[in-house]
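Please walk me through how the strands, helices and ligand shell of this model fit together. Short steps will do.

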Amino acid sequence: MIDLDVAIVGGGFSGSAVAAQLARHAPDGFSVRIFEPSELGRGAAYGTRHAEHLLNTRAAGMSMFPDDPEHFVRWLGRRADRAAFVPRRLYGDYVAEIARRALERPHFRLVNGRVRAIRRSGRGFVVESAAGSRIEARAVVLATGNALPADHFLPAEVTAHPGYVGDPWRYDYRSVGGHVLLIGSGLTALDVLVALRASGHRGIVHIISRHGRYPAVHADVAPYDVIPALDARDARSVLRGFRRHVAEACLRGFDWRSVVDAVRPESESIWRRLPPLERRRFERHLRTHWERHRHRAPEQVDAVRDVYARSGKAITYAGRLAALQRGCARIALNDGTTVTLRPDWIVNCSGVGGVRVMARDPLIEGMLADGIVSAETRGLGLRTTWELASIDASGTPVEGLWIVGPPVRGSRFEATAVPELRVMAELAASEILASLRGNTAPMSLAAQA
Ligand SMILES: Cc1cc2nc3c(=O)[nH]c(=O)nc-3n(C[C@H](O)[C@H](O)[C@H](O)COP(=O)(O)OP(=O)(O)OC[C@H]3O[C@@H](n4cnc5c(N)ncnc54)[C@H](O)[C@@H]3O)c2cc1C
């Protein structure tokens, strides 16, 4: 017997946002369970152990609801500053509160536990928790978040190093000292520097990445007054059009950041219009540049990096970690020279992992093996339709199984940040309600559960 309308697997931002949308729009008697083994509403981003970690988006851009952009700013009340980069833990308080409000609706419940397996059953899905309980739901939302950074490209000894940190987002850096090697120079590396500085770290930080570049930095800029129309015939045309807009905007006194921000809401539609071969070209040649300019660091965060660099306590290398032998790291620099050092700690800041890492969770491993989810061609994430329905191993959309958030990387152009995730959550909720509406099964049955 079907017990439930919707099981939401993961209660971070995405799962909470789907629950909030369902709480707003679902008919009476509708039943939802959120499965979350950790703290509700926080996930990797907003569950950081360091109060100094800031959002990298201004408060004005962080509402959970696309149709109410000022929601988060209003929630901040007396602390409200639309332009501020507020602490991530505070943002986690906001998400958790919205999730808890959704759970006040009758038949909306939280299950404090991990999901171990999801299998198709007659008219829905059996959701099995790690504790062994089973529940049958008409629909499932997979919202399991960011996979840990990949480590398969690292020399084998790295993950066995006693100071290896494979989960850079949840780590408590107060115990970290001496020589620290960061692999990657993106926003995560900057977060590590912020946490180390706040924890009184006195050693040297060595930062290595392919290009040795850091994310661009936010600035207080006027919004661009044009919605840039870009020719999406091919990747080259997109780049050319973008450059033309930047040149014109700069002549009129705007900053390049304003043009990036104006293009961002259009990026998904530009992406969809690009032919598949051109998408791949964009990924290969332009994605990194786009991300560096689009995922920007707050000025305060970049200032910490600057202090480290000026005092000689942070050294940046453009190259790769070629080997780690008996605790000695050999860095092959792009100019052909080599540097050796003996790190006490090695932190993997190389970015969100793909399906290979996701499949370390028995839940995803099992779903891939059963074929109810499948990897998109580059292995960045799982395949979905534009409406976020999972696509199975045979290429067919799976009725009743939706995927929201970072696991759809690759199927969507942007699947990381709140401005895109809140739109996904709204879309998934409306698709779920449309698909379950009119079905005979269990909204009312669930009321008894
Ligand atoms: C360090 C960091 C900082 C970020 N900062 C920003 C920012 O400033 N602004 C911005 O817009 N975006 C930011 N992001 C992007 C971030 O991806 C989103 O904002 C958002 O947090 C993603 O939410 P999510 O719910 O999809 O994933 P998560 O927040 O990771 O939540 C997924 C949840 O699923 C649960 N889960 C996993 N597996 C299972 C299972 N088998 N069973 C049950 N539950 C499970 C986990 O416990 C977790 O709570 C940041 C990301 C990171 C990693």
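Phe125 has Ala137 of β6 as its bridge partner. This pair belongs to the antiparallel pairing of β5, residues 125-129, with β6, where four bridges join the strands. The model is a predicted one. Between β5 and β6 the hairpin has four residues, and Gly132 there takes a positive phi near 105 degrees.

Now follow β6 to its other pairings. Strand β1 covers residues 4-9 and β6 covers residues 134-142. The two run parallel, joined by five bridges. Ile8 stands opposite Val141 of β6. Val141 also has a bridge partner in β15, namely Trp402. Strand β15, residues 397-403, runs parallel to β6, with three bridges between them. Strands of a sheet pair through backbone hydrogen bonds, either parallel or antiparallel. Strand β6 takes part in both kinds: antiparallel with β5, parallel with β1 and parallel with β15.

Next comes helix α1, residues 13-25. Two packed helices are described by the angle between their axes and the distance between the axes. Take α15 first, residues 418-436. The axes of α1 and α15 come within 8 Å and cross at roughly 45 degrees. That angle is neither under 35 degrees nor within 65 to 115, so α1 is oblique to α15. The crossing of α1 past α15 is right-handed. On the α1 side, the contact is made by Phe13, Ser14, Ala17, Val18, Gln21, Leu22 and His25. On the α15 side, the residues are Val418, Leu421, Arg422, Ala425, Glu426, Ala428, Ala429 and Leu433. By class, this contact has ten nonpolar, three polar and two charged residues.

Helix α1 also packs with α4, residues 88-102. Here the axes come within 9 Å and cross at roughly 40 degrees. Again, α1 is oblique to its partner, α4. The crossing of α1 past α4 is left-handed. Phe13, Ser16, Ala19, Ala20 and Ala23 of α1 meet Val95, Ile98, Ala99 and Ala102 of α4. Eight residues of this contact are nonpolar, one is polar and none is charged. Phe13 is in the α4 contact, and Phe13 is in the α15 contact too.

What surrounds the ligand? Its shell has 32 residues. The closest are Gly10, Gly12, Gly43, Gly145 and Gly405. Helices α1, α2 and α15 each supply at least two residues of the shell. Of these helices, α2 spans 43-46. By class, the shell divides into 15 nonpolar, 14 polar and three charged residues.

A further sheet remains. Seven strands form an open sheet, and the pairing is mixed. In order, the strands run β7-β13-β8-β9-β10-β11-β12. Which strands lie at the edges? They are β7, at 164-165, and β12, at 338-341, and each pairs on one side only. Further in, β10 pairs with β11. Strand β10 covers residues 314-325 and β11 covers residues 328-333. The two run antiparallel, with six bridges. One bridge pairs Arg320 with Ala332 of β11. In a regular strand the side chains alternate between the two faces of the sheet.

Technical notes. Residues are numbered from 1 along each chain as its sequence is written. This is a predicted model: local features need pLDDT of at least 70, side-chain atom pairs count only at pLDDT 80 or more; totals for chains, interfaces and linings use all residues. Axes are lines fitted to C-alpha atoms, for helices over the stretch in contact, and angles run from 0 to 180 degrees between N-to-C directions. Angles under 35 degrees count as roughly parallel, over 145 as roughly antiparallel, 65 to 115 as roughly perpendicular and the rest as oblique. A crossing is left-handed if the near helix is turned anticlockwise from the far one by less than a right angle, and right-handed if clockwise. Two residues are in contact if their C-beta atoms, placed from the backbone, lie within 7 Å. Ala, Val, Leu, Ile, Met, Phe, Trp, Tyr, Cys and Pro count as nonpolar, Asp, Glu, Lys and Arg as charged, and the others, Gly among them, as polar. A residue is near a molecule or strand if its C-beta atom, placed from the backbone, lies within 6 Å of it. Two strands pair if DSSP finds at least two bridges between them.
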